[in-house]
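Q: Before going through the terms used for this model, could the structure be put up?

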Amino acid sequence: MKLLFVGPPGAGKGTQAARVAASLGIPHISTGDMFRHHVSNGTELGLKVDSIMKSGEYVPDEVTVAMLRERIAEPDAQTGFILDGFPRTTGQVAALDGLIGTDGLDAVIVLDVDEDALVERLLARGRADDTEETIRNRFEVYREQTAPLLDVYDRRGVVGHVDGMGDVEEVTGRILTALSDGDATTPPEVGS
Ligand code: AMP
C-alpha cells in the first residue's frame with residue numbers, strides 16, 4: 001500500500017500520516033522530518049538545507065529526490081509507505097513516477113482544512129521554522145507549486161478528499177474509512 005498525504009502546512013497531515021501508517025503497519029516517510037533530522041544532527045546535507053528551510057523555500061529537487069530514493073529502497077518500505085511532504089512539485093511527481101511507476105500510488109489523500117484554522121494551528125505549534133513570515137511564504141509556495149500536482153493525480157483517479165477538521169482520532173477514522181471504502185483506492189487491510 002503506497003499512499004501520499006497532501007495538505008497545506010498545518011493541515012495535520014504529519015500527525016495523520018503517522019497514525020495511519022502505524023495502523024497499516026507501513027513506514028511514514030516525511031521529507032520535512034528527514035531534513036530536520038539532518039539539520040539537528042549537523043550533517044553535510046543538514047548544513048546545506050538549513051537556510052533554505054528557514055526561508056520557507058523548497059530544497060532543490062535533485063537533493064530531495066536523492067534522499068527520498070534512498071529511503072524508499074530500505075527494507076521496511078518494500079511493503080508500502082505513506083509519503084508526507086513529497087512529491088511537492090510536478091518535477092518531483094515525475095521523479096516519483098520514475099521510481100515507482102505512474103500507477104505506483106494506491107491513493108492520494110488530501111486533507112481539507114479551513115484556512116483560518118490552519119494559521120492558528122501553525123502559530124500554536126511553535127516550531128523553529130514557523131515564524132509568521134515563513135508560514136506566509138509556505139502558503140504561497142504551496143498555492144503556487146503544490147496544488148497543480150493534484151491535477152496530475154486527479155487525472156489518474158487516485159485522489160480522495162477527507163475533511164481534516166475535528167479531533168485527531170476522528171480525522172484518522174475518516175481517512176481509514178475512505179481507504180477501506182475504496183473511494184480512490186484499492187481497499188487496504190486495515191488494522192492487520
Ligand atoms: P514540512 O515539514 O513538510 O513542511 O517541510 C519543511 C521544509 O522542508 C519545507 O519548507 C522545505 O524547505 C523542506 N522540504 C520538505 N519536503 C520537501 C520537498 N518534497 N521538496 C522540497 N523541499 C522540501
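A: This is a predicted model. β1 (2–6), α1 (13–24), α2, α6 (115–125), α7 (132–155) and α8 (168–181) each supply at least two residues of the lining of the largest pocket. Of these contributors, α2 gives the most to that lining, with five residues.

Q: What makes a residue part of the lining of the largest pocket?
A: A lining residue has an atom within 4 Å of a grid point of the pocket. The largest pocket has a volume of about 910 Å³. There are 45 residues that line this pocket, and the closest to its centre are Lys13, Arg36, Asp84, Arg88 and Arg127. By class, the lining divides into 17 nonpolar, 16 polar and 12 charged residues.

Q: Where is the ligand placed relative to the largest pocket?
A: A molecule sits in a pocket if more than half of its atoms lie within 2 Å of the grid points. The space taken by the ligand is the largest pocket.

Q: What makes a residue count as part of the shell around the ligand?
A: One of its heavy atoms has to lie within 4 Å of the ligand. The shell holds 15 residues, with Thr31, Glu57, Gly85, Arg88 and Gln92 the closest. Helix α2 (residues 31–40) gives the most to this shell, with four residues. The shell is made up of five nonpolar, five polar and five charged residues.

Q: Why is the pair formed by Thr31 and the ligand called a polar contact?
A: The cut-off for a pair of N or O atoms is 3.5 Å. A polar side-chain atom of Thr31 lies 2.7 Å from a nitrogen atom of the ligand, so the pair qualifies. A polar backbone atom of Glu57 is 2.6 Å from an oxygen atom of the ligand, and a polar backbone atom of Gly85 is 2.7 Å from a ligand nitrogen atom. The protein covers 96% of the 480 Å² of accessible area that the ligand has on its own.

Q: Which residues does a cis peptide bond join?
A: The bond joins Phe86 and Pro87, with omega about 0°. Pro87 is in the loop between β3 (81–84) and α5 (90–100). Most peptide bonds are trans.

Technical notes: Residues numbered from 1 in each chain as written. Predicted model: local features only at pLDDT ≥ 70, side-chain atom pairs only at ≥ 80, totals over all residues. Heavy atoms only, no water. Polar contact = N/O pair within 3.5 Å; in protein donor to acceptor, adjacent residues only side chain to side chain. Areas by Shrake-Rupley, 256 points an atom, 1.4 Å probe, with all protein chains shown as cover. 1 Å grid on protein atoms, 1.4 Å probe; cavity = no way out; pocket = protein on both sides within 12 Å on 5 of 7 lines; lining within 4 Å. Nonpolar A, V, L, I, M, F, W, Y, C, P; charged D, E, K, R; others polar. Points joined across faces, edges and corners; volume = space filled by probe spheres on them.
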